[in-house]
Amino acid sequence: MTTLLRGRLLSFKRAPQSLDDTDSYTYESDGGLLIENGIIAAAGPYAEVKVKASVDVAEVDHRPHLILPGFIDMHLHFPQMQVIASYAANLLEWLNTYTFPEECRFVESAHAERIATHFYDELIRHGTTTAVAYCSVHKTSADAFFAEAMRRDMRMVGGKVMMDRNAPQGLLDTPEMGYDETRQVIADWHGKGRNHVAITPRFAITSTPEQMEATAALAREFPDLHIQTHLSENHDEIKFTGELYPDAIDYTDIYARYGLLGPKSLLGHAIHLSEREADAMSEAGAVAVHCPTSNLFLGSGLFPLKALARREKPVRIGVATDIGGGSSYSMLRTMDEAYKIQQLLGERLNPLESYYYMTLGNAEALSLADKIGTLEPGTDADLTILNAAATPAMALKMEVVKTLPEELFLLQTMGDDRAIVETYVAGKAAKSVLN
Ligand SMILES: [Zn+2]
């Protein structure tokens, strides 16, 4: 099956150094994108791509809208769709009052399956085609998560959470259970469809040293898998973590000691890192995942994105919603808040950088840039189509917008799911067919 899309194509080649860095991306004002069997077969000027298409190709005209690689969300919690918008003073109160009780419900397959349906609907509605998710501690939740991803042919990363202390009984496994069930999730789902299983200890507070040992064993046995956990989100959390692991130099060192700090490690938040911790992250190639709406919502702190990126030893960075501590499924809303956090820190985050992070940047942070995050031929045809005049107020502002960066900034500042005209998953329109 072949499809030819027409519209304005935007795809990054590397991180933009400034607003004038036009070499960092390709832009086609009248572009064509040819899709064959879910893969991008060609992209470029419409007239050139049209010649390569068969005469019976199905053509979709998306002009004047932008065609971008699908957005990537590097960190969110699938069982927290009914936790979002919960009123709490801080991270630990929010976890104990709302999050842990809600996650207990995912022991029931019917509940997990129902939420999984809503979860993928919401990602697609917001133009997100790949996400990295925490399931609950229950294998049932991971089964529901991956089964639905496979049904929709989405490239997803996820893992059964491991946690064996400091949570309600209904949310605890044991070192052995966490190890065995994670192995079973890997056997059942990794590499099936477009699924990637991640080793997922929730964070140091909810794992005993024995469970961290079990996690270390998994990381040794499956070195290609992503590892995801949380790091240095909140001062009380950091203090408690230090009490639980008194031998560690600092929070980051706990994960390093168990072999969990490497180029596939995705560390949610990482807001309050010391210089030593940032060095350790950089040397390991580990990724700090910035979750701006969550950090503001829970009052966790201001992530020094620009400062970490320009260090002599730079830290790799991804961006994410962190639903349900985060307050929006939209990567546009996410980057709007990321921009404001940098403003408060006296830094500039330009719109080209924002769109790089949402697409190629996150793909690179996942070591998946050969598959997603660009419009390069040979990669997955996961796309988002953006309309910068999606609302009356946006349309009015668009009347005076003159440049591509201005348009991108308008979309980031005022846009949300209404600005997503269509989302393509493996070459198929997925948003317009939602109920
Ligand atoms: Zn999180």
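Trainee: What angles do the 4 donor atoms around the zinc ion subtend?
Mentor: They run from 86 to 169°, which makes the arrangement irregular. Four donors are tetrahedral if all angles lie between 85 and 135 degrees; four are square planar and six octahedral if opposite donors are over 155 degrees apart and all others between 65 and 115; anything else is irregular. Keep in mind that this is a predicted model, where local features need pLDDT of at least 70, side-chain atom pairs count only at pLDDT 80 or more, and totals for chains, interfaces and linings use all residues. Residues are numbered from 1 along each chain as its sequence is written, and side-chain values use heavy atoms, with hydrogens and water left out.

Trainee: Which are the protein donors of the zinc ion?
Mentor: His75, His77 and His230 each give their NE2 atom, and Asp322 gives an OD atom, at 2.1 to 2.6 Å from the zinc ion. Donors here are N, O and S atoms within 2.8 Å of the metal (3.2 Å for Na, K and Ca), and sites may look incomplete since water is not among the atoms.

Trainee: And what spacing do the donors follow along the chain?
Mentor: The pattern reads H-x1-H-x152-H-x91-D. Take His75 and Asp322, which are 247 residues apart: His75 sits in strand E5 (residues 71–77), while Asp322 is in the loop between strand E13 (316–319) and helix H12 (331–344). Helices (H or I, at least four residues) and strands (E, at least two) are DSSP runs, numbered from the N terminus.

Trainee: Is His75 buried or exposed?
Mentor: His75 is buried, with a relative accessible area of 2%. Asp322 is buried too, at 4%. Buried means under 20% relative accessible area, exposed over 50%, and partly exposed in between (1.4 Å probe, protein chains only).

Trainee: New topic! How many aromatic pairs does a search of the whole structure find?
Mentor: The search finds 14 of them. Rings of Phe, Tyr and Trp (its six-membered ring) pair if their centres lie within 6.5 Å; planes under 30 degrees apart are stacked, over 60 edge-to-face, and the rest tilted. One of the pairs is Phe78 with Phe119, an edge-to-face pair at 5.5 Å centre to centre and 70° between the planes.

Trainee: Where are Phe78 and Phe119?
Mentor: Phe78 is in the loop between E5 and helix H2 (91–104), and Phe119 is in helix H3 (residues 109–125), 41 residues apart. Phe78 is buried at 0% relative accessible area, and Phe119 is also buried at 0%.

Trainee: Which residues do ring pairs link into a cluster?
Mentor: The cluster holds Phe78, Phe106, Phe119, Tyr120, Phe145, Phe146 and Trp189. Tyr120 and Phe145 are both buried.

Trainee: OK, salt bridges. How many does a search of the whole structure find?
Mentor: It finds 32. A salt bridge is a side-chain nitrogen of Lys or Arg within 4 Å of a carboxyl oxygen of Asp or Glu. Asp121 and Arg152 make one of them, at 2.7 Å from N to O. That pair joins helix H3, home of Asp121, to helix H4, home of Arg152, 31 residues apart.

Trainee: Which residues are linked with Asp121 in a network of salt bridges?
Mentor: Glu148, Arg151 and Arg152 are in that network along with Asp121. Asp121 is buried at 17% relative accessible area, and Arg152 is buried at 16%.

Trainee: What does Asp382 form a salt bridge with?
Mentor: Arg194 is the partner, and their closest N and O atoms are 2.5 Å apart. The two are 188 residues apart in the chain. Both ends are buried: Asp382 at 3% and Arg194 at 9%.

Trainee: Now the backbone: which peptide bond is cis, with omega near 5°?
Mentor: That is the bond from Arg63 to Pro64, and Pro64 lies in strand E4 (residues 58–69). The bond from Ile323 to Gly324 is cis as well, with omega near 0°.

Trainee: And what is phi of Asn37 near?
Mentor: Phi of Asn37 is near 50°, a positive value in a residue other than glycine. Asn37 is in the loop between strand E2 (25–36) and strand E3 (39–45), and Asn37 is exposed at 64% relative accessibility.
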